[in-house]
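Here is a quick walk through one model, taken piece by piece. Have the sequence and the coordinates open as you read.

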Amino acid sequence: MGKGGAVNAIDFLALSPLLALAAGVTGTLLTLAVGCSRRVVFRVAITALAIALGLMAPAWSVAPHSIQPLFVMDGLGLFFTMLILAGALAVMVLSADYFRGVPGPAGEYACLLLIAALGGCVVSTAAHMASLFLGMELIGIPLYALIAYRRDDRNGLEAGIKYLVLAGMGSALLLMGLALLYAATGSLQISGLFSSGADAEPVWMYGGLALTLAGLAFKLALAPLHMWTADVYQGAPMPVTAFIATVAKGSVLAFLLRYLTLSAGGAELAAGALTFLAALSMTAGNLLALRQTNLKRMLAYSSIAHLGYLMIVVPAAPPLATASAGFYLVAYFAAMLAAFGALGMLSSPEAEAQNLADLRGLAWRRPGLAGVLIVAMLSLAGIPPTAGFFGKLYVLLAGVDSGQWLLVVVLVVNSVIGLCYYLRLIPVILAGRAMARPARDFSSAWGSAAVLIVLTLLLIVLGLYPGPLMAWLSRLAGLGPG
Amino acid sequence: MILFVLLGMPIVGGLLAWVAGRVAAPSARWVALLSTVVYLAVVAMLWTAAPLELPVPGHWIARTDFPWAPSLGIRFTLMADGISMLLLTLTGVIALVAVAASWRSVTRLVGAYYLTLLWTVAGVTGAFVAMDLVLFYFFLELLLLPLYFLIAVWGREKRRYAAIKFLVCTQAGSLALLVGILGLGYAHDQAFGFWSFNYFDLLRTPLSPAMQLWLMIAFFLGFAVKLPVFGLHGWLPDAHAEAPVGGSVLLASLALKVGAYGFLRFLIPLFPESVRQGGLVVMILAVAGILYGGWQSYGQRDFKRLVAYTSLSHMGFVLLGIFSWTELGLQGAMIGILAHGVGTGALFAVAGMVHERTGTYELARMGGLWARLPRLGGATMALAMASLGLPGLANFVGEFLVLAGVWQAHPALAVVASAGLVVSVIYAMKLIQEVFHGPLAPEVGVIPDAGLRELGLLAGCIAILVWMGLCPGPVLRAGEPALRDLRNGGGAVEASPDWERGAP
């Protein structure tokens, strides 16, 4: 809002991507009501996301801009918004091809996914407790339906109910924590929280902080609040899994990075807890992934580990920490989307390519997909020349810089463990010309193919020439929210 | 710029070989061969280059430098001095040997095979000339990946196990190295206020004794796995034995040398005090490696495993020479690196040739092959003589210089290490006896003797070993200035701080 509380043109410009998404939601609902086919609904959704991405440019031009009291559209927030929009666009395109040729309604899917994407954008630019909570619910509620979308699948329904109950509990924790923080500081503005921590009642402050962190840690699937991850990832349709793994987590992480790294008070208060969470997540995630032969569960546990790696940077000093985490997040997004996307191209809603055995001999049947999967696995394992290598390097750098020697050693040990299960896929993919289940005919799925090609190229280009992105992120991180 | 070309050539050559392989499988081999020949030509051209006048210590003859990730002080810096030149020459020769040795033995996915081979060569090249520590680490990792594929796709029966063991073990060490590198960069930031991973900047960084010790341990773990040092050598026999011929050649002759190079170029100059304190431990490990490798080698029933354990033994000599840090010891290590590279590479090639003819690597199923393969037998005899350290061949020069150098530092160790010379005779003779002497194995039918290509390959290697053994002067002189600079504490001379950042 402007000075006198009136909304002016600059506010609209800064908010335009989110407004485009909201318009997209309305558009999909209208096309559904009119009775258009699923393809049309998806096209409307994809167009809305594309327009939102395009509107990032005018939003950048007026950054930094604060829309009191709810949003702060600064450089960093807009970067993460862009990342979320790109991720959502990729998932939407992959979803359109995933549901191709499947009878039954699926138009609501696009609408729900758009709402969740909108929630992600809200969370990453939130400046107020209300917008934070609103955004988190905007992500969570559509996910209840999206996870259980395959109604005929028992796993899907079970996953949906699990997520419903547990996410509801997570939201309740978060809300209670925010309420306690309000009681402690008297302000609903998040930026004021940590700076005024000195003169607040310690009981309310610590209690509120602990509960808020617990709620956020649940959404981020940090151990020990990670139990829901594997089942939900396994039961949800492949593109929804991709969405949860990237956009849903990424938006919460973006919020954390923007605030915790910048307010010294908050970081100190939470440092011990976050160190514990990080170390536990890294170890639990990697050890649990080792035993998995179900690919979705394996990637679920590995995503827990990756979030653990990212938590190392939180106590470090910006701009190094935020820039490193931003780079790592880009690499993580690209690799996870590529991996799930490739698996999705081998799947249909009735029969998903979930098991290791489904990949047998993939290099001979579908060499392109095999290449995408291998590059994605290498990036997740942190092997050059992929973006994941530099992501890990930067995160380690941030850790060393802030003296987090214990976490650095734990990261290193866990990286070695991670190698074992990431590389396990490669011999299976390269195995001899074994007869495996035939893949669907994807000659017309050029949208997904284009997405996968772009993601793979991004992983390799960033792995060879990380300088420009890192420099840009460092510049952005130097001007964070006040 | 020429270093960048040298680096890019195997990459491009590999891609061309792959494309050629899709068109017609045999053409991939020729493209790969051509790439290695051009590589050697460029290296030869580099030898004639004049030394550069640079405000940093050392005698450098080539330099490529441009920013890579400047916000964190990481630059793409390649530089070559005498040591690098010798190692680059070795790389070129071994690449040629690997391509020639795999000529007929690879039938599946020929193009992809040569792509992987040449990209490993590119990774090794980069590791030998990188002067920015993060870049060095990048190439170190980069050469592991194609090697993993080489073993996992074209290897023998236990290839998957061997490949993953190789990658996980070396990665574990490498990650420790990465922590050390980052720690060094952090120390530089603490001392000078900005991050830099340039070799010369890091040489100048002051380190507290505790920091130096920890960083040295981190660096040591990384290089010790690659060399390998006794105790961390578990991956070696499986990886060497299960790899295809070209893979074994590259592993033994190049990948192990990167570990030795790492000790020489990075560990000792960066952490001199810690090395002085802990050097004796490493030298004892080296001697243990020499004797253990020789002893295990004798007991092997598989041709390739036997040669793999000899690698452990020979690299023990190299390690001993490096950590003695005497002029003789370093010279001996240098010659030892070159001699072992050529000699063991050729021995693995022989293993491949025998396998092509008899279908097996098991020594029990071979025997009396001299009757059928006199030329191959003769060549192998010469290579075995080299491996056991016969005077007149290169390995002897290396081992003798190392022992002379170690005698100056720790006479007792030299005495124990010289037992290695006796042990090597035993395993070398066993190899010849099991394969070529004795009664002719019944399964062996009519097999052709070594042809022109094979004999040419082996004769070339033997010629190099003889030349280095009879007149090692040129090789020693080539490496001498660089080794002397390293010994004098590479970072003692102050260099202009603005230079590395590309100031005109």
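Setting aside neighbours within four places in sequence, Val62(A) is in contact (heavy atoms within 4.5 Å) with Ile10(A), Leu13(A) and Ala14(A). Val62(A) sits in the loop between α3 (56–61) and β1 (65–67) of chain A; helices here are DSSP runs of H or I with at least four residues, strands are E runs of at least two, and both are numbered from the N terminus. From Val62(A) to Asp74(A) is 12 residues in sequence and 9.0 Å in space, C-alpha to C-alpha.

A word on ground rules: this is a predicted model, where local features need pLDDT of at least 70 and side-chain atom pairs count only at pLDDT 80 or more, while totals for chains, interfaces and linings use all residues. Residues are numbered from 1 along each chain as its sequence is written, chains are lettered from A and ligands numbered from 1 in the order in which they are written, and side-chain values use heavy atoms, with hydrogens and water left out.

Now for some backbone details.

| Feature | Value | Place |
|---|---|---|
| Cis peptide bond, Ala223(A) to Pro224(A) | omega near 0° | Pro224(A): loop between α9 (202–220) and α10 (227–235) of chain A |
| Cis peptide bond, Leu227(B) to Pro228(B) | omega near -10° | Pro228(B): loop between α8 (209–226) and α9 (235–242) of chain B |
| Positive phi, Ala221(A) | phi near 60° | Ala221(A): loop between α9 and α10 of chain A |

On to where the chains meet. Chain A brings 35 residues to the contact and chain B brings 33 residues. About 2900 Å² is buried between chain A and chain B, with carbon and sulfur atoms giving 84% of that; buried area is the accessible area (1.4 Å probe) that two parts lose on being put together, summed over both. In chain A, Pro384(A), Leu393(A) and Leu397(A) lose the most area to chain B, together 16% of what that side buries.

How many salt bridges (a side-chain nitrogen of Lys or Arg within 4 Å of a carboxyl oxygen of Asp or Glu) does the rule find across this interface? Zero between chain A and chain B. Helices of chain A that each supply at least two residues to the side touching chain B include α16 (367–381), α17 (387–401) and α18 (405–423).
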